[in-house]
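Visitor: I am new to this structure and would be grateful for a short guided reading. May we look at it together?

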Amino acid sequence: MTATRTFVEAASPHVMNTYGRLPIALSHGQGCRVWDVNGKCYLDALGGIAVNTLGHNHPQLVPALQDQIGKIIHSCNYYHVPNQEALAKKLVELSGMTNVFFCSTGLEANEAALKLARKFGHDKGIDRPEIVVYEKAFHGRSIATLSATSNPKIQAGFGPLVEGFIRVPLNDIAALKAATQDNPNVVAVFFEAIQGEGGVNPMDLDYLRELRTLCDERHWLMMIDEVQCGMGRTGKWFAHQWAGIVPDVMPLAKGLGSGVPVGAVVAGPKAAHIFQPGNHGTTFGGNPLATRAGVETIRIMEEDNLLDNAATVGTYLKKGLETALSAELVSGAVKEIRGLGLMLGIDLSKPCGVLTQRAADAGLLISVTADSVVRLVPPLILTKVEADEIVALLCPLISALLKETP
Ligand SMILES: *Cc1c(COP(=O)(O)O)cnc(C)c1O
């Protein structure tokens, strides 16, 4: 038995068994590399699930966080938090929206968005507001956000679900119109610009534009969950910006603090003043350390042109994957390689969960979503050389798996 195995067995009895974990414990990282407790090195194409925007041990982020920790980590929302103001100002500037609520995680940001939508309805005299959500959506694991999610595996065992959701297929404006026809209780549409957990499924840009118009006509809030696809990952600050639209509500989290938990709900004029004192709050939300992490992450992204890097290296990586898997794409064994920037999904014709362990054995961290989609969401500092390395490590494993008889 290796030392890793011993570590895992020794560590597991007291932590609840909620994750299908690999028998790996990471100890430290540098850039896009991480090392486990046994000293094995991995190329990190997962980035802590789209969280480690700046990779690991970033030479500018670390001293900034150390500085903040030495001053004040947490104050509380009874007082003004200057770092919140600084981060809010930046998010408003980047999004074209107007006001921000801070929290700590993605589900919390989505929970706040759902509360905003309901209160938007109540303020208009709608007693039983309904919210349009989508097939294959993932919005989190709280009772409300798992109800908005469309994965029966995530919902099973936790009923009764929260009511007031209408589910529609992706990219089908006629289906949306039919599902909401003559329904005066609809207050919002809520969706990911590019679905993450559902298998890296982008919304069509034309659909987003039509939806913007529809939301305006019907006075619905357009609420775009950018928790995974936002914060520069696709090569724009927010994935919906590829369509040239501005939403009314935008939850953020994952990549916002480059590893420090911080979430936000950004709101435009239609939604910015719905919450009044006492309507919503959270103890940790926007604390000085969390919001400093957000401010510094954005500052470094701007200084180092990481949006351009995500777009350029992402396109390069996608091309590399397409070339290496060209035979499999022709035969249909690989159904599609999709996504934008450094948010890519390789959709295989069969389940591929075993690839996470096989890739780790080969020195590469990846994830598999929706059973058969390999997901790559590496740090936005990824270089072309590292992209080549991902292709070289991953594609032979994919080809081999596809040749195996089930
Ligand atoms: C991860 C994710 C969430 C949930 O975020 P948590 O921080 O895990 O609560 C919500 N929406 C999307 C699109 C996500 O990818």
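Guide: Residues are numbered from 1 along each chain as its sequence is written. This is a predicted model, in which local features need pLDDT of at least 70, side-chain atom pairs count only at pLDDT 80 or more, and totals for chains, interfaces and linings use all residues, while side-chain values use heavy atoms, without hydrogens and water.

Visitor: Is Leu340 buried, partly exposed or exposed?

Guide: Buried means under 20% relative accessible area, exposed over 50%, and partly exposed in between (1.4 Å probe, protein chains only). Leu340 has a relative accessible area of 33%, so Leu340 is partly exposed.

Visitor: Which residues does UniProt list for "binding site", and do they gather or spread?

Guide: The UniProt record, an unreviewed entry, lists Phe138, Asp225, Glu226, Val227, Gln228 and Thr283; such annotations may be inferred rather than shown by experiment. These residues span 146 residues in sequence, and their farthest two C-alpha atoms are 25.0 Å apart, so they do not all gather at one spot.

Visitor: Is Phe138 buried or exposed?

Guide: Phe138 lies in the loop between strand 5 (130–134) and helix 6 (143–148); helices (H or I, at least four residues) and strands (E, at least two) are DSSP runs, numbered from the N terminus. Its relative accessible area is 17%, so Phe138 is buried.

Visitor: Which listed residue does Phe138 touch beyond its sequence neighbours?

Guide: Contact means heavy atoms within 4.5 Å. Leaving aside neighbours within four places in sequence, the contacts of Phe138 include Thr149, Ile154 and Asp225. Asp225, in strand 10 (residues 221–225), is buried at 4% relative accessibility. The UniProt "binding site" list includes Asp225.
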